[in-house]
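The following paragraphs lead through one helix, the loop that follows it, and a pair of residues in the next helix. The reader is invited to keep the structure in view throughout.

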Amino acid sequence: MPLMRRLTALAGTAAAARTYARRNPDKVNKIAAKAGQFVDKRTKGKYHHQIDNAVRKVNTITGKPPRPGKH
């Protein structure tokens, strides 16, 4: 598959994921939090800050307000 076709497919998939996240923020936030906890547990907290930042980014995209005082 040519590179441009792959990039076009990837861009379409990303757009669909963003649309789903905006339409179903509670589901997406719940799944992101569970996934973050799972990965954090499996890595024994080694990548806690990176995982936390990724979950925050998902929350930002879905419009959920940031958690106060948690770092």
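The expected span of a helix is 1.5 Å times one less than its number of residues. Helices here are DSSP runs of H or I of at least four residues, numbered from the N terminus. The model is a predicted one, in which local features need pLDDT of at least 70 and side-chain atom pairs count only at pLDDT 80 or more, while totals for chains, interfaces and linings use all residues. Residues are numbered from 1 along each chain as its sequence is written, and side-chain values use heavy atoms, with hydrogens and water left out.

Helix H2 comprises residues 25-42. For its 18 residues, at 1.5 Å a residue, a span of 26 Å is expected, and the 25 Å between its end C-alpha atoms agrees with this. Val28, Asn29, Ala32, Gly36 and Asp40 of H2 are buried, a term that denotes under 20% relative accessible area, as against exposed for over 50% and partly exposed in between (1.4 Å probe, protein chains only). These buried residues lie on the same side of H2, because they cover an arc of only 95 degrees around the axis; the arc is that of the directions from the helix axis to the C-beta atoms. The other side of H2 carries the exposed residues Asp26, Lys27, Lys30, Ile31, Lys34, Gln37, Phe38, Lys41 and Arg42. Helix H1 (3-23) and H3 are included in what covers the buried residues of H2.

After H2 comes the loop that leads to H3, and lysine 44 lies in it. Most residues other than glycine have a negative phi. Lysine 44, although not a glycine, has a positive phi of about 55 degrees. With a relative accessibility of 76%, lysine 44 counts as exposed.

Helix H3 spans residues 48-62 and contains asparagine 59; threonine 62 is also placed in H3. Asparagine 59 counts as buried because its relative accessibility is 9%, and threonine 62 is buried with a relative accessible area of 11%. Where does the backbone oxygen of asparagine 59 lie with respect to the side chain of threonine 62? The distance from this oxygen to a polar atom of that side chain is 3.1 Å.

Contacts, meaning heavy atoms within 4.5 Å, extend further along the chain. Leaving aside residues up to four places away in sequence, asparagine 59 touches Asn29 and Lys64. With neighbours within four places likewise set aside, threonine 62 is in contact with Ala21, Pro25, Val28 and Asn29. Of these partners, Val28 and Asn29 are among the buried residues of H2.

Definitions and conventions:
Helices (H or I, at least four residues) and strands (E, at least two) are DSSP runs, numbered from the N terminus. A polar contact is a pair of N or O atoms within 3.5 Å; within protein, one must be able to donate a hydrogen and the other to accept it, and residues adjacent in sequence count only if both atoms are side-chain atoms.
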